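Here are a few notes to go through with the viewer open. They cover some strand pairing and a couple of backbone angles.

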Amino acid sequence: MTWRWITDPTDRPDTLVTITVDGQALAVPGGVPLAACLLALGRRTLGHDPGGRPLGPGCLIGTCHGCTVRVGADLRRACQVLTVEGLLVTTASAPPAPDDSRGTQGKYG
Ligand code: FES
């Protein structure tokens with residue numbers, strides 16, 4: 001078995017699909033975990049905790065919930081979603097307002 005680290009999500013042009021992240025259309029490999037694509041694209045912050053600290057993919061096995069994003073109308077863990085053509089993703093990557101003690105998890109779009 002040969003392992004290969006994907007450093008450029010556009011280096012497999014035969015399998016590219018178009019997804020939209022926060023309104024930006026992106027060509028990414030199809031059938032790979034969304035969290036891996038977001039990390040490869042430099043999108044490390046997907047939300048904020050109540051203290052305003054950034055949240056993003058941590059475990060990549062579906063347990064930490066740091067990668068929660070809105071996919072279509074549903075909140076999903078990005079590490080548990082495979083990329084497919086037309087995937088519509090919204091993050092809560094903007095920092096919370098200073099008077100918001102709840103962070104941005106749950107506020108998407
Ligand atoms: S990275 Fe931990 S649940 Fe997705």
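**Notes on S5, its partners and the loop before it**

Leu 60 sits in the loop between strand S4 (54-55) and S5, so that's where I'd start reading. Bear in mind that this is a predicted model.

1. Back to Leu 60: its phi is near 60°, a positive value in a residue other than glycine. That caught my eye, since most residues other than glycine have a negative phi.

2. Is Leu 60 buried or exposed? Neither, quite: a residue needs 20 or more other C-beta atoms within 10 Å to be buried, and Leu 60 has 17, so it counts as partly exposed.

3. His 65 belongs to the loop between S4 and S5 too. Its phi is positive, about 65°, although His 65 is not a glycine. With 14 C-beta neighbours inside 10 Å, His 65 comes out as partly exposed; the cut-off for exposed is 12 or fewer.

4. On to the strands. S5 (residues 68-71) pairs with S6 (residues 74-77) in the antiparallel sense, over 4 bridges. In that pairing, Val 71 stands opposite Asp 74 in S6.

5. What lies between S5 and S6? Just a turn: the two strands form a hairpin with 2 residues between them. Gly 72 in that turn has a positive phi of about 65°.

6. S5 has another partner in strand S7 (residues 88-90): the two run antiparallel and are joined by 2 bridges. Here Arg 70 of the pairing stands opposite Thr 90 in S7.

How values were computed. Residues are numbered from 1 along each chain as its sequence is written. This is a predicted model: local features need pLDDT of at least 70, side-chain atom pairs count only at pLDDT 80 or more; totals for chains, interfaces and linings use all residues. Two strands pair if DSSP finds at least two bridges between them.
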